Amino acid sequence: MTHFKHALLGAALLGAFSTQATAGGFQLTEQSVVGLGRAYAGIAAEKDDLSGVYYNPAAMQFGQGTRVQSGMTLALIDLKFEGVNGSKENGRPGKPAAIPHAFVAHQVNDRFQVGFGVTAPFGLETSYGLNWDQSLKGVSSDLRVVDFNPAFSFKLTDTLTIGGGVSAQHVQAKLGYNAADMAKAGLKAVIEKMPGQATQINQALKPILDELNKHPEADVKVSDWGYGWNVGLLFQPADTVRVGWSYRSAIKHTAKGDLSVPVVNNIKALLGGNSQLAGQISGLLGQLNGQTQIQLSDINATSPASISMSAPAWSMLSASWDINPTFTVSGTVRWTQWSVFKELRLDTAHLSKAQPTRWKDNWLMGVGLDTHVNPDLTVRTGFAYETGVISDPTLRSGTIPDTDRLWLSLGASYRINKRMVLDTGASLVLGVGERNLYHPGHGGAKGKETKLGRFKTLNGLLLGAQLQYQF
């Protein structure tokens, strides 16, 4: 019985040290408020702002002189979850998130332009209670990506322009977990192998479990730089017709930082007077990690950690047609290679854990209409449908949930004077289709998952404003 007590205590400690992480579709399209107002229809053939630096650098050829643009979109996200047990949670209860962007472009001569953009192409922030239904997959996520993108465009002929650029991308992530729930899951797995000892085991481990319950917080903080490129083409067969194509490369990240599990210090203090127990736990941790021995003294409340992931490549095709001086219709199709995101891997000094995601590529398809009311005022609207990245609903994570989305958009541009334009836009993004959350089957067995509940809403309201100025 003593051996069983010591082994189970090791399992409880292991749960605190071996947290898991998952992520969902976290691409941000909001790099243009003009685009926001028409659900990004026509955005790769855009002539009305400077966002071509990001979406399609060839589109910079429309501007003259030196231009600057800066703007921000506020995202109000509603993630209402209802568990089958009657529980209720909201990963973003009314807290807005800011998505900024800034561009500058300069006309070198009649054929050549250069530009620079600072954008947030990926990002996410969710937060649930420490004891919410899917705490084993995480309780919070905060992902911030900033992309620095110098670019150029060159007009080959009167109808064809090419463009390209490079990206330096900085990612910073913080993922939060409930260490107590992780430890209890490990403990449960061991107890299932010896059910007759459950009462004695729980009594022996009560001081450790009490400490975990009092201080369950754990998190991983990491950051990294990655590098990529983008290219684009713009074809203008007539003055009233524009067709744009663009591609941005994938960027691989191995973000490094720290795993912090503060309760480790408390547990080590409880074990300080029992060298035999500490030795057995060290042996158990070593066996689970394929090593002969890991000294408990080597495991700290804060230890080095890394998370591996890829920001996906994407490609876009857009077209715009000026039907007459009053109306312009636009369309866009975008493909994003989310299938490269097969897992999110967490590596620490002693343990490694991969959380499978098995995402699929997704598509955004949108149409839009601009109405030029007068030379100073344009109003616009748009509609888009975006497919989700979840190929297996049982792997969905509440920290970054995903589903199909319906975009309904409105916007306007007002020319304040000859040099300055104010753009505004709004989009209502509605999550539609399957939105269930599951608890994995025992040992990850397929087909044995248990439904935890369903997101009643996965919606967002996006409100944006930007200012353009031509020198």
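**Strands, cores and a surface patch**

Trainee: Which residue in strand 19 stands opposite Arg 405?

Mentor: This is a predicted model. Strand 18 covers residues 404–415 and strand 19 covers residues 420–432. Opposite Arg 405, in strand 19, stands Gly 431.

Trainee: How many residues join strand 18 to strand 19 in the hairpin?

Mentor: The two strands pair in the antiparallel sense, over 12 bridges. A hairpin makes the connection. The number of residues it runs through is four.

Trainee: Strand 18 also pairs with strand 17. Which residue in strand 18 is the bridge partner of Tyr 385?

Mentor: Strand 17 spans residues 377–386. Its pairing with strand 18 is antiparallel and has 10 bridges. For Tyr 385, the partner in strand 18 is Leu 406.

Trainee: Is Phe 383 buried, partly exposed or exposed?

Mentor: Phe 383 sits in strand 17. Its relative accessible area is 39%. Buried needs under 20% and exposed needs over 50%. The value lies in between, so Phe 383 is partly exposed.

Trainee: Phe 383 belongs to a nonpolar surface patch. Which strand gives the largest share of the patch?

Mentor: The patch covers about 690 Å² and includes Met 72, Leu 74, Leu 76 and Phe 383. Two elements give two or more residues: strand 1 (66–83) and strand 21 (450–470). The largest share is three residues, and it comes from strand 1.

Trainee: Now the interior. Which residues have the most contacts inside the largest nonpolar core?

Mentor: In soluble globular proteins, nonpolar side chains tend to be buried together. Here the largest such core has 36 residues. Phe 26 touches residues beyond four places in sequence, including Phe 122, Leu 143, Trp 338 and Ile 400. The residues with the most contacts inside the core are Phe 26 and Val 220.

Trainee: How many residues are in the second core?

Mentor: The second core is separate. Among its members are Ile 43, Tyr 55, Met 316 and Val 429. Its residue count is 24.

Trainee: Which residues make the covered face of strand 4?

Mentor: Strand 4 runs over residues 112–119. The uncovered face holds Phe 112, Val 114, Phe 116 and Val 118. The covered face holds Gln 113, Gly 115, Gly 117 and Thr 119.

Trainee: How many bridges pair strand 4 with strand 6?

Mentor: Strand 4 is joined to strand 3 by six antiparallel bridges, with Val 104 and Phe 116 as one partner pair. Toward strand 6 (residues 140–155) the sense is also antiparallel. There Thr 119 has Asp 147 as its partner. The bridges between strand 4 and strand 6 number eight.

Trainee: Is Ala 255 buried or exposed?

Mentor: Ala 255 lies in strand 10. Beyond four places in sequence, it touches Val 222, Ser 223, Asp 224, Ala 305, Ser 306 and Ile 307. Its relative accessible area is 6%. The cut-off is under 20%, so Ala 255 is buried.

Trainee: What percentage of the 471 residues is buried?

Mentor: The protein has eight helices and 21 strands. Its accessible surface is about 20100 Å². Buried residues make up 50%.

Definitions and conventions:
Residues are numbered from 1 along each chain as its sequence is written. This is a predicted model: local features need pLDDT of at least 70, side-chain atom pairs count only at pLDDT 80 or more; totals for chains, interfaces and linings use all residues. Side-chain values use heavy atoms; hydrogens and water are left out. Buried means under 20% relative accessible area, exposed over 50%, partly exposed in between (1.4 Å probe, protein chains only). Contact means heavy atoms within 4.5 Å. Two strands pair if DSSP finds at least two bridges between them. A nonpolar core is a set of buried Ala, Val, Leu, Ile, Met, Phe, Trp, Tyr and Cys residues joined through side-chain atoms within 4.5 Å. Accessible areas come from the Shrake-Rupley method with a 1.4 Å probe; for residues, only the protein chains shown count as cover. Patches are made of residues with over 30% relative accessible area and no salt bridge: like charges are joined within 9 Å, nonpolar side chains (Val, Leu, Ile, Met, Phe, Trp, Tyr) within 5 Å. A salt bridge is a side-chain nitrogen of Lys or Arg within 4 Å of a carboxyl oxygen of Asp or Glu.
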